[in-house]
Amino acid sequence: MNDEITKRLARAEPKVLAEMIRYDGDDARRIAHAMKVWGYATAIAELERLEAAERETLCYAAILHDIGIHNAERIHGSSAGSFQELEGPPVARELLAPLELPEAVLERVLFLIGNHHSYGKVDGADFRILVEADFIVNAQEDALPIAAIQAARQAIFRTAGGRAVLERLLGA
């Protein structure tokens, strides 16, 4: 089973990346954000020795976690997390449809995208790592003060890998 998942991920991951880039068009900032979250999520998953099934859902969700931003801005006039969570899953479903992923994988990815700003809903290692990777990138991009990063480390970070990356990159 793990070999099957690993092979599917190896085939699908580049396609998901390409679809995200195509969808975001000339929005280089959002593409770069997604690429960084995906990169950190992948690294943390490796450090945590994440099982293949969770690695797969994490990878797709990390690439597409903010895919709803354009619709959130267009429909709601805001890129607030709650609007991203609302608008992201339908777009992600459309982008992932050609891959014909197993329904359970697709639903988990959509759940992660639809809740990635809702820290109280974290229910698995894939979700935990997505939240940690997204925070690391947001902290870098927003130049958060060290006190805010340290508070988030205590409140959000649970994986040793995520904490190690956070400490190495941001000194917290």
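Author: Buried means under 20% relative accessible area, exposed over 50%, and partly exposed in between (1.4 Å probe, protein chains only). The model is predicted, so local features need pLDDT of at least 70 and side-chain atom pairs 80 or more, while totals for chains, interfaces and linings use all residues. Residues are numbered from 1 along each chain as its sequence is written, and side-chain values use heavy atoms, without hydrogens and water.

Reader: How many aromatic pairs are there?

Author: Rings of Phe, Tyr and Trp (its six-membered ring) pair if their centres lie within 6.5 Å; planes under 30 degrees apart are stacked, over 60 edge-to-face, the rest tilted. By this rule the count is two.

Reader: Why is the geometry of F111 and F127 classed as it is?

Author: The ring centres of F111 and F127 are 5.8 Å apart. Their planes stand at 85°, so the pair is edge-to-face.

Reader: Which helices does this pair link?

Author: Helices are DSSP runs (H or I, at least four residues; strands are E, at least two), numbered from the N terminus. F111 and F127 are 16 residues apart and link distant parts of the chain. F111 lies in α6 (residues 103-113) and F127 in α7 (residues 125-141).

Reader: Is F127 buried or exposed?

Author: Its partner F111 is partly exposed, at a relative accessible area of 29%. F127 has a relative accessible area of 0%, so F127 is buried.

Reader: Where does F157, the partner of F135, lie?

Author: F135 and F157 pair edge-to-face, 5.8 Å centre to centre with 80° between the planes. Both are buried, F135 at 10% and F157 at 0%. F135 is in α7, whereas F157, 22 residues apart from F135, is in the loop between α8 (146-155) and α9 (160-170).
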